[in-house]
Each structure stands twice: as structure tokens, then as C-alpha cells.
Amino acid sequence: MRPRHSRSVDNRIPEAPFPPITMAKASLKARFYLLKLIPTFQRKIHILMFKITSRQQTKRKYQTSSNILIGKYSYVINNHFFRRNKSDPECLSGEEMELSEVTVEALTAVIQHPHTQKYKNHVTKCAAQILYKFEKILDAERNLPELNKDVVANLYGLIITIADTHSKIFISNLKTENPEAQRISFDMFNSILKCTNLPGLYPVDEASSTLTFGFWYTLQDDIISLDTPECAQLILMIKPYYRDLVCVMLRKSMFPSIDDNSWSLDDKEVFRCYRQDIADTFIYCYVVLNLEMLDMLNTKLTESLQKNDTNGIAQPIQWNEVETVLHAFGAIAESIEYENLYLPKLMVTIKHIPFNELHTKVMATALETVGSYSEWFMDHPDMLENVLPLILSALGNPEVSTSATMALKDISQNCQKYLVPFADHILIASQSCLQSGILKLAECRRLMYSIGRVLSILPVNRIMGYLNMILAPSFDDLQKLAHAVPSPSVTTSLVTRLKILAALFSSLHVETQENIEQPILVVMQNTMPLYRIIGEKYCRNPEVMEDLSIVFKYGVTTLKDECKPLINDILQLIVTIYRECPQSYILIVAKTVLILFGREEEFSAINQQLLHEIVNATLQMCAQYTILCLALPETQTLKSISIFLVHFISQSRETSQADVVQSYGESLVLRILMNLGSTAPRSSVDIFSDILLALNKKYCDNLSRWLNSLLAQEGFPSPRISTRQKEAFIKSVLREKANKRKLYESVLEFTLICRGILKTDTNSA
């Protein structure tokens, strides 16, 4: 059926949706040709865009118009701007490239228009026109020694846009009995697969393969979301493309076989991100292929490790081929729920890889892969013996220690109860690495976390023995640093050890029904005097206070009720530090303690003292900040500050905060007078009147003393106001305790006199 027509038809052409083309420098002949050609095609695209959006246009007319446009543009690209010029190695001039880009943008605009979804058959035909006409150009480009990246990116970008935008149309074509429509869909998939498989390495040799990843996600997602019996049939139809895609991406994600120093840092970072995109795409492939993909990867890994020539002679292992398969295995780890055929083979294979003969990146990727399957090991603990020796041997290798500590952390977190047979080996290797000093801070923290997880499954007497060996050097250093003269190097070393200690406290906890003394409790009790020295000495150093607070927080949250013997010492230290220098990190510890033990009767006194100190110190700090913020020019900000101050002053005597007002009241009045005299906008006079009124109600004597003291200064807050006028202002302010309007008038008069707007009495003293 044709779309319905409305009775009125408006054939006016709307304003051009595309900006005019700017011309670069070119020859006179080229300028004439382009100036003659460009408006013609721009006008056609404007007409087509209008016809697409017009409901009066019939389907047949739409198809005719867009066919003409596609044909014209294809003619421009195919016959005018991609002819080879033997004398020009670049083949395309600036003007030609500019017009080709505008052409592709115009076609993309048509393709992406939402109304095109109504014309499925025509979208298929237009896609075929673009695909078959441009595929010749793309095939020619792929056969050249060097790709023209701009040309390839433009044309493949257009093809991928069609496929991605109208993926459901091409999927529906697969279900039809029309062989021509099916062939177009299959050819579209093949073309995009060729784009993914462009020769060379990304981003040095080509820059277009990354465009395809979004399409491969869309294709499988649209099919799976159908949730119909046809879904299984469609999956079978696209499986060959995803099998080929896996092989292509294994090649594209390979590192160069020889480290290429010509790669810039930017290129290396882009390639790292590209490999991550490939890892995500491997997940989509696994959704389609499932166990078939595991079989492919297992076969590829075996082949890369056992290469023979035609005579059966073993060939050297290409390390990048091994690494890329391990990278693919690691990418799909989260998608595998339960598998007991291919993954055990993988773990056995990893055990026998000759890492000493290969690039260190192979070992790093193998460790990352092992870590990514840490949850799988929970169901296959017998496989741990194949991978733990690799992890422990890699801890002492600075080139792969990051991957090794991450893998050990993942396994100790997910497979804790299965590590008893390996506990001694793990702890001895970890202690050796910590004492060697070759690990970075982040690696030390991960390793200490793993140590805590492993210690937690041992008997208490063995735990204490290991803790004495592992922590004794750290606490000796901590003791020396705490008593040393503060300096940047001392602070850095102190922070490092506190971070490592916090990692241990977050993971070491013995789960048992017996009544035992937790190892962390013993450690914290023995080292509490050391924390007190650090807290008092570095209370104004936010970096040290942050890490000391984290130590306390992890200690309390790990021990919970078992940390009661430490609560008094912790809270007293918190009060001392916060009283000296309020910091948000201390508040986090205070919040944790109050949540856990706020209702405990034995801690009620210290909890009340803690709250009193925190409230007092915080309110004093807020008072200082609000006085400073009164200098800001924004009226809305001043209103918010005024509301806070008025409420605080009004409630201060009932909440035992009068000392805060009395301590900072004179500074507050000084700031108000300075604002009235010169700096604040006149529209904020009523804001300051509210604050003066609140002070006069609750602190009349103090306000009188502050005003007389401050206004006794010659020329303050303005040389334009006389002593008699100051005295009159003080009397009018102190007289009004309820009438806000009269106080406002007095303050406004004072402000106008100070600023010379209201004339003063020249005879005044």
C-alpha cells in the first residue's frame, strides 16, 4: 500500500541542511569544474532530504529520486575522483578529496534518516548499488603497497553505516526466500569482514578496521534479541562470518614480531585501546560460536606451539602468535559460566609453554588470562597446581610482576579455601619479593592483600609466626620514620608503609567458631603507640592522615566486634587529631566507629566526647569559611550564607555554641562593615541586615562592643562617613531588635553615605 497523502502539497525546498563547500587553492580549470558540479549535487541532496521528510511523497517517487541521487554521487566518486593519475602519486587532489568527503557525508545523511526504515526493499537496492560500485575501488586499494587511508575510511565508513543503521533489514533479508536479497546481505557481511581484515597493523598501516567492531556487536545483538525459533537458524547463517572474524582478529591483535621502535607513544596507546576493542568483540563472537570458539582457540594455541615445516622439522615458536591466542582466551573469560573440556586443556598448555624462550609479553598475557579465570578455578581447584608455580615464579620478575600480583590477588580472593596446600610456597615467595625491594607500591599492596587472604586459612600460631617474619622489617622502618624529622622523603616512605599495612588489615581475618584472639588485633594493639606518634606529628599532613585513617578503617571493619579493646585508643587519637586540624579522612573513621559501636554502653562517654569535639571543630571551621565567603559578589551565594549564619546565631545559646559566635563575631561584623562600605553590591544590603538583627537579638552587648571598636577607626569603612554618623548608625542598629524594615533603612542609609551616593553633613565632626 502507498502512504496516505494529505490534501495540501508543499513543494518548496527547505533551507539547505549542508553548509556550503569551501574551496581550497586549485587550478582555474579545477575550480570551474567543481563550482559547476557541487551546487548541482548539493541541490539534489537537499531535494531528496525534503522528499524523505515529506509525508506527501509516495514511495515510488521517493525511490526514483533517491536512485537518481545515489547514481549521480556514485558516478562522481567512481568515474571522476578515483581515476588513477600516473603523474600524481597521491591520485586525489585536495578539491577531489573534499568533494568526495562531502559526497559520502550526504549519502550518510540519507542512509541514517529515520524515515528510510519504511522502505526496506529500496534500502537493500541502494545498499547494493553503493556496495558493488565502491567494492571495486576498495579492492584496488587493498592491492596497493600503501593504502590511501582517507579513501578507504570514507568508503568503508559509508558501507558500515548502511549495515549498522539497517542491520534488521539485512537480517530479515536472510530469512526471505529471495536469493538476491540474501546475496546482498551476505556480500555486505563479506565486505565488512574485509574491512576488519585490512592488511597491516592498526594504526600504523591502516586506520579503518576499528570502524567495524560496532557492527559485529549490532548484528549478533539484533539476532539474539529476536527470541524466536528463527534465532537459531540465523545464528547458523552468520556463524561462518564470526569464525572468520575470530581468525582475523587474532592476526590484527598481534604485536609486531620485532619491537618496532618507530612506533610513537601515541601509536602504542592507540594500539592498546584497539586490542581492548578486539577483546570486547571476542565476547560477541563467543556469544555466537560458544564452544566452537574455544575449540578454535585451543587448536590455534596448539598449532602455534608445535609448528613443523613440510619435512616435519620443528620450527621456532612465533611468540606473538602464542600471545594473541592467550589474549583471546582471557577476553572471553567472563562469558564462560561452566566449561570442563577446553579450559582444563588451556591450563595444562600454559603450564608447558616455554616462557623463558619467548618474549615477556607472552608470560604477562598468560598471567592475565589465569587471573581472569579465577572464578572458574573455584569449580576446578585441581587445576591450580598448573598455574600457581607460574605465578609465584613471576613475582620476582619486574617485567611481569604487575600481572603476577594481579593474578595472585584474584586467585586468593576467589579460591581462598583451596590454597592450603600452596600456602607455605605463596607466603615464602611473597616475603622474598617484599624484602627484595623490586616491587612498586601498587604491586606491594596487592601482594600484601594476597598474604592476608592466605594467612587467614592457617592456624593462629602459624599466622603469628609468618607475621613476625613478614612485618618485622616494615615495623622497624615505621618506627624509625615516625621518630625522624619530617621531610618529603620521610613522608613518602611513611605513606608507602601505611598503604601496605592497610592492605593486610583489609584481608586478614580468621573465620572460626573458637574464641581466639585475631592476629590483626594483636598487631594493632602492639603498634597503637606508633600510630599515636604519627597522628600527633603529622596531623596537618593530609596525605599521611588519609592513609592512617584507612589503616584504622580497615582494622575496625575487618575485626568488627572483636576490635572493642582498641576503640578507646582509636577514638582518643581521632579526637586529638581532629581538634588540632579537622580533616575529612578522620570523619570517615569516626563515622565507621559510631555506626558499629554508637549504641554500646561502654563507649557512650568517649562517643559523646567525639561528637562534641567534631561538632565544635566543624562549626568553628564553618564559621571561618562563611566569613570568608561573605566577600563573594554573587547574591544567591550571600543569601545562602546569611540563612546559615542567622540560623546558627539564633540557635547558638541553646546548643552550647555561644563560644563560637563570641570567638568569630568581631571578624564577622568587620566583614559586614567592609561589604557595606565598599565591596558588596547594594542589592545585598538586606542580607547583611538579617545577620546584624540576629546578632543584636542574641548578642547585643557583644555587638555594641564590636561596632564601637571597629567604627572608632579613622576612615573606616569609608572616609566619606563622619564620626557623628557612625554613632547614629550604631544607635539605630542596637535599637532595633524586631523591626527588620527600620534596621534595613538604617543600614541602607549607612551604605549610601559610605559610597558617596547620599550627601553627608559637611559640618559634622
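The second largest pocket has a volume of about 440 Å³. The model behind this value is predicted. Helices H18 (423-436), H19 (441-455), H20 (460-483) and H21 (488-507) each give two or more residues to the lining of the second largest pocket. H20 contributes the largest share of that lining, with seven residues. Nearest the centre of the second largest pocket lie Leu434, Ser474, Asp477, Arg497 and Ile500.

The largest pocket holds about 1,000 Å³ of space. Closest to its centre are Arg275, Glu323, His327, Thr365 and Glu368. At least two lining residues come from each of helices H10 (265-289), H12 (319-331), H14 (360-372) and H17 (401-414).

The table sets out the two linings.

| Pocket | Volume | Lining residues | Nonpolar | Polar | Charged |
|---|---|---|---|---|---|
| Largest | about 1,000 Å³ | 35 residues | 14 residues | 10 residues | 11 residues |
| Second largest | about 440 Å³ | 20 residues | 12 residues | five residues | three residues |

Helix H12 supplies residues to the lining of the largest pocket. Is H12 largely enclosed or largely open? Of its 13 residues, 11 are buried, so H12 is largely enclosed by the rest of the structure. Glu323 and His327 are among these buried residues, and both also lie among the residues closest to the centre of the largest pocket. Other buried residues of H12 include Trp319, Leu326 and Phe329. What do the buried residues of H12 pack against? Their partners are helices H9 (230-252), H10, H11 (291-305), H13 (342-352) and H14.

The length of H12 also fits expectation. At 1.5 Å a residue, its 13 residues should span 18 Å, and its end C-alpha atoms are 18 Å apart.

Technical notes: Residues numbered from 1 in each chain as written. Predicted model: local features only at pLDDT ≥ 70, side-chain atom pairs only at ≥ 80, totals over all residues. Heavy atoms only, no water. 1 Å grid on protein atoms, 1.4 Å probe; cavity = no way out; pocket = protein on both sides within 12 Å on 5 of 7 lines; lining within 4 Å. Points joined across faces, edges and corners; volume = space filled by probe spheres on them. Helix = DSSP H or I, 4+ residues; strand = E, 2+ residues; numbered from the N terminus. Nonpolar A, V, L, I, M, F, W, Y, C, P; charged D, E, K, R; others polar. Expected span 1.5 Å × (residues − 1). Buried < 20%, exposed > 50% of the residue type's maximum accessible area, 1.4 Å probe, protein only. Contact = heavy atoms within 4.5 Å.
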